[in-house]
Amino acid sequence: MERCSKRALPRSAAAPLAALFLACSAGGPPEPRGPALVDPGATAETRALFVNLRRLAGKAVLFGHQDDLAYGVHWFNQPGRSDVKETAGSYPAVYGWDVGGLEGDAGPSLDAVGFERQRGWITEGYRRRGVVTLSWHMRNPVTGGTAWDTTQAVVAILPGGAQHEHYTLWLDRFAEYVTSLRAPGREDGAGEVLVPVIFRPFHETSGGWFWWGARHATADEYRRLWRFTVEYLRDQREVHNVLWAYSTDVFDSKEAYLERYPGDAYVDVLGFDDYQSVRTPATRGLFARRLRDVVELAEARGKIPALSETGVEAVPDSLWWTGTLLAGIKSDSVARRIAWVLVWRNASFEREHRYHFFAPYPGHPSAADFVRFREDSLVRFEDELPDLYLAPPSP
Ligand code: BMA
């Protein structure tokens, strides 16, 4: 069918790549086909993950949890444990980890997860065919303070800036770490493969609490930082097991969402973090609208939409899982095409002396509803995943 003439192809910087992967479809708009990834040299498993996640979106919503294997509300660092599994019978489909601390001297992550152990858990999750996503609460490179130290820093670490080399050293450490994430290949004796990770640096950029956020760096500075980071890791350090995830905090319009967006050639996943419109069912309409906006923005670009962080601390509503989260997702036929939702970490009470958790544990008042959530046909935990790392046959 002559539905996608060359004239219809975009003329952006990404055009040559986009052109390669646009396919004609009968009756509808051109459908993106094949992996139009940020990294044309991505490993086979990384490309497969991208294609499979994109295809699965709409059929299933994957459930994710931050630091799931490292600690839970009543334990810390006990192999095999997971509050999610102990409550619902399966590990989560998506494992979130944070590499904040990697820029320091060999210490653990900012949430006390040693990187040797984190590497083990990442590869363990991958071997079960779970999905891995990494955020980075990166220290302020100018002051050495935390990610929440909003002293101006972005210009200083861009090429030509006083702290540029300092920053590339941190990226070198990240490159070393991410390319050390290895697991056995598919067939016996096939050697090792790099574990694909969905990397989500400089997150919640529309918020004002991180040094890379709104008010502390202009949209242009942010985009330059993002693009430099992609190009440095991909082209200089030859990191090829990464999908790139952009994420804002909550937002009011598609235009607002895109304000700091680095561009289609630099982003594989369009995400947002929402701890606000998910608090009660009363804001369901707003929650669904945000999901819908991100799904539409991602689909229009052949990318993957994600609710990259969400949850309500300590889950005070015993019906939150189905009554607020799932009901919101299902309330809209577009919103429900979100690829995954990830709830934040279950801080260990013994270590942190506070109830800072976002998934239930056995005995928690929302545990029964969490099981109902898991049993919903739209929701997938790890034990219900197809093999996302196997390239699907060409259509
Ligand atoms: C925040 C809190 C902090 C934590 C940080 C990075 O939301 O959970 O305690 O250090 O995320 O994981």
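I will talk about the ligand site and the nonpolar core of this structure.

This is a predicted model, in which local features need pLDDT of at least 70 and side-chain atom pairs count only at pLDDT 80 or more, while totals for chains, interfaces and linings use all residues. Residues are numbered from 1 along each chain as its sequence is written, and side-chain values use heavy atoms, with hydrogens and water left out.

Let me start with the ligand. Around the ligand, meaning with a heavy atom within 4 Å of it, are Leu 110, Asp 111, His 137, Trp 148, Trp 344, Arg 345, Arg 354 and His 356. As for polar contacts, which are pairs of N or O atoms within 3.5 Å, ligand oxygen atoms lie 2.6 Å from a polar side-chain atom of His 356, 2.7 Å from a side-chain N or O atom of Arg 345, and 3.0 Å from one in Trp 344. Of the 300 Å² of accessible area that the ligand has on its own, the protein covers 78% (Shrake-Rupley method, 1.4 Å probe).

Turning to Trp 97, its contacts, counted as heavy atoms within 4.5 Å, include Gln 66, Trp 121 and Leu 134, leaving aside residues up to four places away in sequence.

Methods
Polar contact = N/O pair within 3.5 Å; in protein donor to acceptor, adjacent residues only side chain to side chain.
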